[in-house]
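Trainee: I am new to this structure and would love a close look at one spot in it. Could you start from a single residue and work outwards, so that I can see what surrounds it?

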Amino acid sequence: MEQFVAVAIAHFLALLIPGVDFFLIARAAMTSGWRNATGACLGIATANGIFIIAAFSGVALVSHPVLLNAIQLAGGSFLVFVGVAFLSSKASIDLEQGPSAERTTWLRNFGLGIASGLLNPKNALFYVSLAAAVSTAAPPALVFYGTWMFTVVLVWDVFVAVVLGSRRALARMGRVLPWLTRLAGGFLVLFGGGMIVSLVALLLG
């Protein structure tokens, strides 16, 4: 349970920080309405699901301890790197710099969502890092973790589409974004550092 809580918190806090996917959903909601924007939400969640399956399956199939240790070390280092980047960034929301999105249909938004998710290498690296943290979990637990992450991504993105369909809502989020960024950064540094420390302790023990 402790492992699940830690992974779930790390995943959700990273999800809170606006990126390309966030701007795609926000613009789709503002130009096509939140219902059409749910196409982008499902597309992004599907892309995340593909990365989750690939990452968790890949780590689960690795049986050599040296490879597992290398994956855990790389994953922990990546999460620390992302956390430090969050802590040192001056987060802000500037919709004009986000990706463009003309008024489109639900199906087109779905395609844009999949493309946005699959073409973002940070997604793949992030899920590999999380998979490394749970590499010793049983297959049913990994299925549960993956299903949870997919569901959280979809629900959060739909929430974004519904709530952030106006510039006023975006401006309000812009005021709390720096605090969210620092919170996510601090937790990711602790989470990734904990992975590294536990690995060192295991090797030295």
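Mentor: Happy to. Let us start at T38, which sits in helix α3. Please keep in mind that this is a predicted model.

Is T38 buried or exposed? Its relative accessible area is 17%, and because anything under 20% counts as buried, T38 is buried. Leaving aside residues up to four places away in sequence, T38 touches W106 and V158.

Let us follow the second of those contacts. V158 belongs to helix α7, so the touch between T38 and V158 links α3 with α7. V158 has a relative accessibility of 26%, and because that falls between the 20% and 50% cut-offs, V158 counts as partly exposed. With residues up to four places away again set aside, V158 touches T38 and C41. V158 also has R35 at a C-alpha distance of 8.9 Å, although 123 residues separate the two along the sequence.

From V158 we can step across to another helix. A29 and V158 are 129 residues apart in sequence, and their C-alpha atoms are 9.8 Å apart in space. A29 is part of helix α2, and with a relative accessible area of 7% A29 is buried. Buried residues are common in this helix: 10 of the 13 residues of α2 are buried. Among them are F22, F23, L24 and I25, along with D21 and R27. The end C-alpha atoms of α2 are 18 Å apart, which agrees with the 18 Å that 13 residues should span at 1.5 Å a residue. Just after α2 comes G33, with a positive phi near 90°.

Now back to α7, the helix that holds V158. α7 has 25 residues and reaches 36 Å from its first C-alpha to its last, close to the 36 Å expected. Its buried residues include L142, Y145, G146, M149, W156 and D157.

L142 brings us to an open space in the model. L142 is one of the residues that lie nearest the centre of the second largest pocket, together with I53, F56, S57 and V143. This pocket has a volume of about 190 Å³, and 12 residues line it. Both α3 and α7 supply at least two residues of that lining, so the helices of T38 and V158 come up again here. What classes of residue make up the lining of this pocket? There are 8 nonpolar and 4 polar residues, with no charged ones.

F56 also takes us to the core. The largest nonpolar core has 46 residues, and F56, L79, F126, Y127, L130 and L188 are the ones that touch the most other members. Several helices give two or more residues to this core: α1, α2, α3, α4, α6, α7 and α8. α3 gives the most, with 9 residues. In soluble globular proteins, nonpolar side chains tend to be buried together. As an example of the contacts, take L79: residues up to four places away aside, L79 touches F126, S129, L130, L188, V189, F191, G192 and M195.

The core also draws on α1 and α8, and A184 shows how those two meet. A184 lies in helix α8 and is buried, with a relative accessible area of 0%. A184 touches L13, I17 and F86, not counting residues up to four places away in sequence. The C-alpha atoms of A184 and L16 are separated by 8.1 Å, while their positions lie 168 residues apart along the chain. Both L13 and L16 are among the buried residues of α1. α1 itself has 15 residues and reaches 21 Å from first C-alpha to last, close to the 21 Å expected at 1.5 Å a residue.

Finally, let us step back to the whole chain. Its secondary structure comes to 8 helices and 0 strands. Of its 205 residues, 42% are buried. Among contacts with a separation of 6 or more, 91% are between residues 24 or more positions apart. The contact between T38 and V158 that we began with is a handy one to find first when you turn the model yourself.

How values were computed
Residues are numbered from 1 along each chain as its sequence is written. This is a predicted model: local features need pLDDT of at least 70, side-chain atom pairs count only at pLDDT 80 or more; totals for chains, interfaces and linings use all residues. Side-chain values use heavy atoms; hydrogens and water are left out. A nonpolar core is a set of buried Ala, Val, Leu, Ile, Met, Phe, Trp, Tyr and Cys residues joined through side-chain atoms within 4.5 Å. Buried means under 20% relative accessible area, exposed over 50%, partly exposed in between (1.4 Å probe, protein chains only). Helices (H or I, at least four residues) and strands (E, at least two) are DSSP runs, numbered from the N terminus. Contact means heavy atoms within 4.5 Å. The expected span of a helix is 1.5 Å times one less than its number of residues. On a 1 Å grid over the protein atoms alone, a cavity is a set of points where a 1.4 Å probe fits but cannot get out, and a pocket is an open set with protein on both sides within 12 Å along at least five of seven lines; lining residues have an atom within 4 Å of a point. Grid points are joined across faces, edges and corners, and a volume is the space filled by probe spheres set on the points. Ala, Val, Leu, Ile, Met, Phe, Trp, Tyr, Cys and Pro count as nonpolar, Asp, Glu, Lys and Arg as charged, and the others, Gly among them, as polar.
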